[in-house]
Amino acid sequence: MVACTVVSRAHFHEFEKKVRVRPLRKRDFAAVVELQLACFPKMKPWSRAQFDSQLRLFPEGQLGIEYEGRLVASASSLIVKFDLYTDWHDWARLSDSGMIRNHDAKGDALYGIEIMVHPDYRGMRLARRLYEARKNLCREKNLRRMVIGGRIPGYQQHAKRLTAEAYVARVQSKKLVDPVLTTQLANGFELVRLMHDYMPSDEDSGGWATHMEWTNPHYVADARRRIAPIELVRVAAVQYQMRRISSFEELAQQVQFFVDAASDYHCDFLLFPELFTLQLLSLTQGKRPGLAARKLASFTPRYLHLMTTLAVKYNVNIVGGSQFVIERGKLFNISYLFRRNGTLERQHKIHIAPGERRWWGVEGGSKVQAFETDRGRIAIAVGYDIEFPELARLCAKQGAQILFCPFNADQRTSYMRIRHCAQARCIENHVYVVIAGCTGNLPSVENADLHYAQSAILTPADIAFAREGIAAEAEPNIETLVMHDVDIELLRRHRYAGATQNWNDRRRDLYEIRFGPDNEKASV
């Protein structure tokens, strides 16, 4: 008898770590002051009058991040006419001493007057989330640029031997790290110039600050000018090498490496292969396949905690491959979506391949669904499921624009079934499909000893898309990360104006697909 930890449908949400970017509210005043005192202990925090004035004049520009119900980061800004201000070195003038009564809704520049992350929550890419929210505000309001006067709080430690110019140059060349400037450079800001006496009370920066700008690539100078909209989503797939490991921590280290790399490239989604966690079976000794699979399920709580933590920390939506889970005494193969806001979803594998059923005793799920994310609707087809067109049809009807397919193939013929069917799903449903598989060998694990993969990002086959419908692909059987920017707006146009319009041209007068009660008896 093998003791297994059961993660039921009702309890897997216990692993969520909820992160939410939201507008600040009046009742947040005390929390914002507490945050300021923790971040800038030598500086005077907002007064009630300043805080209320910011919310009254430009509520969309005052943002906060909640983590597990606590306010842990915030950002304040206003809109100004760029050409009216030549003295960008004067924080008090530009911010109206924090009152922002000079906010101009018809201006062309978003001016950031403060951004802060609680010291206990740094390293979680929270500043990136705030900068992305500001960039979205620039896009929504068609602002030409974002301007910030950035502190250089690390300068105090080097002021005796470096000028401010030399310090900033070393930060730019990555010879030094500044808590503020390094983050701003990583988020696409360019240094315009250094400013002295920008905020004289800032002792850590020696009164110095950087004039930084981010240019909005979507800005349209003349509102009457029409340009084709784009909506880029950066997706990545891990081609993962299976290897013997000696502990769960070793697997966690490998996973963190790929999540960190995807975060460095600002990926929106990262896909891991199906059952890449089978490595953990190298920790078990001599168990029959069915018992070993149930032993693997005992790692599910640690797997859920690891992936949730990494999605939040590195600000990446993770499709976590798949993992064995026991529910009601039955063994399922389940893929989890770990959103970067800390929430979870899951998709059971519906169709179970003969080998899975025979070796491990896996059973199929019954519900197919699309999931809402901060970058549009997605769906998951686990391995063999991609070979059944009915499931992708239902996902497309539910609004999925990207279909993620984690797979695990033992040889090239198995892989080619996945690859060709994934390409067909792109054409049939006007969606992108991302596939990710394992490479390498696990000699001691039955039915998982050999692996073959060529992970890829696939598109519909038409003039507007990549040649041969392949946006990006890895070399076969080499551990790597493949990524690409896919255009969601292009998909929308293709569905109605493509060379062929498979979705619209279905003959529903001749045929339709009907699903069971777990899928609300949907028909497609």
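The chain comprises 13 helices and 22 strands. Its radius of gyration is 26 Å, close to the 24 Å that the globule rule gives for 524 residues, so the chain is as compact as a globular protein of that length. These values, like those that follow, derive from a predicted model. The C-alpha trace spans about 75 × 55 × 40 Å along its principal axes. Of the 524 residues in the chain, 56% are buried. When contacts between residues at least 6 apart in sequence are considered, 71% of them join residues at least 24 apart.

One open sheet contains seven strands in the order 1-2-3-4-5-7-6, and its pairing is mixed. Its edges are formed by strand 1 (19-23) and strand 6 (190-195), each of which pairs on one side only. On average, neighbouring strands of this sheet are turned by 25° against each other, direction ignored.

Within this sheet, strand 2 (residues 63-67) pairs with strand 3 (residues 70-80) in the antiparallel sense, over five bridges. Tyr67 is placed opposite Arg70 of strand 3, and Gly64 is placed opposite Ser74 of that strand. The hairpin of strand 2 and strand 3 has two residues between the strands, and in this hairpin Glu68 adopts a positive phi near 55°. Strand 3 also pairs with strand 4 (residues 109-117), again in the antiparallel sense, over eight bridges. Here Ala75 has Ile115 of strand 4 as its bridge partner. Ten of the eleven residues of strand 3 are buried, so this strand is largely enclosed by the rest of the structure.

The loop between helix 3 (91-94) and strand 4 contains His103. With a relative accessibility of 19%, His103 counts as buried, because the cut-off for burial is under 20%. Beyond its neighbours within four places in sequence, His103 is in contact with Leu57, Phe58, Leu78 and Ile79. A polar atom of the His103 side chain lies 3.1 Å from the backbone nitrogen of Ile79. His103 and Gln54 are 49 residues apart along the chain, and their C-alpha atoms are separated by 9.2 Å.

At the other end of the strand order, helix 5 (residues 164-172) lies across strand 6 and strand 7 (209-215), and runs at about 165° to strand 6. In soluble globular proteins, nonpolar side chains tend to be buried together. The largest nonpolar core of this model has 65 residues, of which Leu110, Tyr111, Leu126 and Tyr167 touch the most other members. Apart from this core lies another, of 53 residues, with Phe12, Leu275, Leu306 and Val362 among them. Not counting residues up to four places away in sequence, Tyr167 touches Ile152, Gly154, Tyr155, His158, Leu162, Leu176, Val177 and Asp178.

Leu275, one of the residues of the 53-residue core, is also among the contacts of Gln323. Gln323 is located in strand 11 (residues 323-327) and, at 0% relative accessibility, counts as buried. Its side chain makes a polar contact of 3.2 Å with the side chain of Thr300. Leaving aside neighbours within four places in sequence, the residues in contact with Gln323 are Leu275, Thr277, Leu296, Ala297, Phe299, Thr300, Tyr303, Phe332, Asn333 and Ile334.

Another open sheet has six strands in the order 15-16-17-18-20-21, with mixed pairing. Strand 15 (370-373) and strand 21 (470-473) occupy the edges, and each has a single partner strand, so one side of each is left without a neighbour in the sheet. Neighbouring strands of this sheet are turned against each other by 20° on average, direction ignored. Strand 15 and strand 16 (residues 376-380) run antiparallel and are joined by four bridges. Ala370 has Ala379 of strand 16 as its bridge partner. Helix 12 (residues 412-429) packs on this sheet, where it touches strand 17 (402-406), strand 18 (432-436), strand 20 (456-458) and strand 21. The direction of helix 12 makes about 165° with that of strand 18.

Methods: Residues are numbered from 1 along each chain as its sequence is written. This is a predicted model: local features need pLDDT of at least 70, side-chain atom pairs count only at pLDDT 80 or more; totals for chains, interfaces and linings use all residues. Side-chain values use heavy atoms; hydrogens and water are left out. Buried means under 20% relative accessible area, exposed over 50%, partly exposed in between (1.4 Å probe, protein chains only). A polar contact is a pair of N or O atoms within 3.5 Å; within protein, one must be able to donate a hydrogen and the other to accept it, and residues adjacent in sequence count only if both atoms are side-chain atoms. Contact means heavy atoms within 4.5 Å. Two strands pair if DSSP finds at least two bridges between them. Axes are lines fitted to C-alpha atoms, for helices over the stretch in contact, and angles run from 0 to 180 degrees between N-to-C directions. A nonpolar core is a set of buried Ala, Val, Leu, Ile, Met, Phe, Trp, Tyr and Cys residues joined through side-chain atoms within 4.5 Å. The radius of gyration is taken over C-alpha atoms; the globule rule is 2.2 Å times the number of residues to the power 0.38.
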